[in-house]
Amino acid sequence: MDPQSAAARHVAIIAGHLNCPSPSAAAPLALAACLHYDPPELSEKPPAFDLAALRRVLDGHDLAARDWLFRLMEESPLFCPRGSGDRTFVVPDYNQTKEQQRAVTMRRIEYLLHRGVFEGWVTGSGPEAELRKLAFFECIAIYDHSLSIKLGVTYFLWGGAIRFFGTKRHHDKWLKATEDYQVKGCFAMTELGHGTQKYWIGGAANDATHTIIFSQLLINGISQGIHAFVAQIRDADGNVRPNVRIADCGHKTGLNGVDNGRIWFDNLRVPREDLLNSVADVLPDGQYVSSIKDKDKRFAAFMAPLTFGRVNIAATAVYISKVALAIAVRYGLTRRAFSISANGPEVPLLDYPSHQWRLLPLIAKTCAMSSAANYLKRLYVKRTPETNKSIHIYSSSLKATLTWHNMRTLQECRKACGGQGLKTENRIGILIGEYDVQSTFEGDNNVLMQQVSKALLAEYLAAEKMKSPFEGLGLEHMNDPCPIIPADLTSCTLRSIKFQLDLLCLRERDLLGRYASEVSQYQAHGESKKMAVLLSHQLADELARAFTERTILQIFADDEMIQSAGPLKELLGLLRSMYALICVEEDASFLRYGYLSLESAAAARKEVMKLCGELRPDALSVVSSFGIPDAFLSPIAFDWIQANSWASLSNE
């Protein structure tokens, strides 16, 4: 189309809107064609696959329990139900002050407590109980991040520390009282620098009665390293205990329903019995004993609750991406802008190829990451001493990657909804502020990815030194001959699992070799190993990304392969191909190190656009399979015209 004629047509359309003849006094005003809403279900084709079956793949577990908890929240006025047209949405009132948000968070906890939601969260055991707990936590996070974090601090950090680090005397005293929310614990690890001031401690400012303190243990003036202690910081009436000072961290850009606080300990005496002693103990005669002699390994043993936190954060991030995508896709199917042909109807946003490019690859990534999060959860709940190292590496890599993806998804969906995305009631904009913190708590993402690369380097050096094959972490492909990537990439080749895995494995094995070589070169020039690793951070970042994306692809492909032949398996194949090829499109290392030629990279890019066109008819069906009730979405996901009408003001 001639650009000048297209511009002239757009100007004519706008002029037509502005220069409409004045209606007669008797003629009612009519809405313009562009301001018209029909539910997308009326215009979209019926689902080609079983929506419930895709939900089972993506949710992975406890579907009925999730639905029960969603209904429980919908039924209570504590969860701020708000009418919009013929629908009711439940979303926190972010116009409240932080004091009001904190107070209502506590009331919501009491409501859920009395309905048995937290039963077994601390005292329960076994994979099924832990998976159910994770499912409930994901549902709560979909409603409100503050509520989920407030619960996570007490049940997972404090409760997990008592359970993992304590022994029977601690379990008998604290576990049931914690589960019944009679004891409200917090987790004092973060410091401004080094010393006795703890900072950002969730629950400390208002409500916590007890805390876990991480502190150096000195015996006869000799430091035995960091240990965990229990301390009571408030009495039964809520008064701060002697030798303890507490202050509020203040208003935040998100999570204002959580009372983050600062704690100072001034010569606080902690009884010997309140040292959590599963790893080390001080006997009545003052003798120090430990089953782990190395200080660093002892400290690593104290990181178990953080590992669970990373598992939980990674899974939660995927669900928030689902919320944003469900809203943005539904809006994009009903919001129209301009026409493609003269005098033709205006086009839904999601029918524009550029809009598809913005949203549909994010859907594919989110589905692939759902599979990865489910794999991580299953690995964690069935953990053994032998799998602890793998869990640490997977939880670090996936926590970082999935939370980064969540923030990108939220931002893109916000922009894809235009100004409507800024309205608090439409959720996406406010979720950016609420969930940005995931990138830094329970481990800064950049630091976590550095840990992943260092762990992979250790595996590489050990295999090289012992002349042994790689085993575990999916690194067995390193034992095979180097994959050969075809020069001529047809559509069939680009979409094959073998090609996709070969390409991502090639990138990973080459980057691992490059990383090891660069670290070795720095050492050969006199740098210490620690400094050599720090100086090689660019390759380390690329390697961690390569490892994580290959892991996600492998897990998603495995979920696809176990499906019976049919429409669902075909859809998963489409999503898997889009995931693999968008990873290629977004990482310069495929060109930087020559894994693909310029022509092959261009072919992969074009294939993603083809995949967008093929996924477009199923977009509504996929986001409808996310299992998120309508009430937890937002007005622009439905009749956004009615939600912005004059009549809707009576509901505000």
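Biologist: Why is Phe590 called buried in this structure?
Modeller: Phe590 has a relative accessible area of 2%, and because buried means under 20% relative accessible area, exposed over 50% and partly exposed in between (1.4 Å probe, protein chains only), Phe590 counts as buried. This is a predicted model, in which local features need pLDDT of at least 70 and side-chain atom pairs count only at pLDDT 80 or more, while totals for chains, interfaces and linings use all residues. Residues are numbered from 1 along each chain as its sequence is written, and side-chain values use heavy atoms, with hydrogens and water left out.

Biologist: How many aromatic pairs are there by the rule you use?
Modeller: The count comes to 24 aromatic pairs, where rings of Phe, Tyr and Trp (its six-membered ring) pair if their centres lie within 6.5 Å, with planes under 30 degrees apart counted as stacked, over 60 as edge-to-face and the rest as tilted. Phe590 and Tyr595 make one of these pairs, at 6.1 Å centre to centre and with 80 degrees between the planes, so the centres fall within 6.5 Å, the angle is over 60, and the pair is edge-to-face. Tyr595 is buried as well, with a relative accessible area of 8%. Elsewhere, Phe118, Trp121, Phe137, Tyr155, Phe156, Tyr181, Phe308 and Tyr380 form one aromatic cluster.

Biologist: What makes you say that Arg383 lies over the face of Tyr380?
Modeller: A charge sits over a ring if NZ of Lys or CZ of Arg is within 6 Å of the ring centre and within 35 degrees of the ring normal, and Arg383 is placed over the face of Tyr380 at 4.1 Å from the ring centre. Arg87 likewise lies over the face of Phe638, at 3.9 Å from the ring centre.

Biologist: Which strands are the edge strands of the open sheet, and how do you know?
Modeller: Helices (H or I, at least four residues) and strands (E, at least two) are DSSP runs, numbered from the N terminus, and two strands pair if DSSP finds at least two bridges between them. Three strands form the open sheet in the order 3-5-6, with mixed pairing; strand 3 (185-188) and strand 6 (222-232) are the edge strands, since each pairs on one side only. From one strand to the next the twist averages 30 degrees, with axes being lines fitted to C-alpha atoms, for helices over the stretch in contact, and angles running from 0 to 180 degrees between N-to-C directions.

Biologist: What makes strand 3 and strand 5 a pair?
Modeller: Four bridges join strand 3 to strand 5 (residues 210-219), and the two run parallel, so the requirement of at least two bridges is met. Gly185 stands opposite His210, and Cys186 stands opposite Thr211. Both faces of strand 3 are covered, with Gly185 and Phe187 buried on one side and Cys186 and Ala188 buried on the other. Helix 7 (residues 145-165) lies across strand 3, strand 5 and strand 6, and runs at about 75 degrees to strand 3.

Biologist: Along strand 8, which side chains are buried, and which are not?
Modeller: In a regular strand the side chains alternate between the two faces of the sheet. In strand 8 (residues 261-265), Gly261, Ile263 and Phe265 point to one face and are buried, whereas Arg262 and Trp264 point to the other and are not. Strand 8 pairs with strand 7 (residues 244-248) in the antiparallel sense over five bridges.

Biologist: Why does Glu442 count as buried?
Modeller: Its relative accessibility is 17%, so Glu442 falls under the 20% limit. Glu442 is in the loop between helix 13 (428-435) and helix 14 (445-466), and an unreviewed UniProt entry places the feature "active site" there; UniProt positions are given in the numbering used here, feature names are shortened, and annotations may be inferred rather than shown by experiment. Leaving aside neighbours within four places in sequence, Glu442 is in contact (heavy atoms within 4.5 Å) with residues including Leu157, Arg310 and Lys399.

Biologist: Why is Ser624 called partly exposed?
Modeller: Ser624 has a relative accessible area of 38%, which lies between 20% and 50%, so the middle class applies. Ser624 is found in helix 22 (residues 619-624), and, not counting residues up to four places away in sequence, Ser624 touches Leu51 and Arg330.
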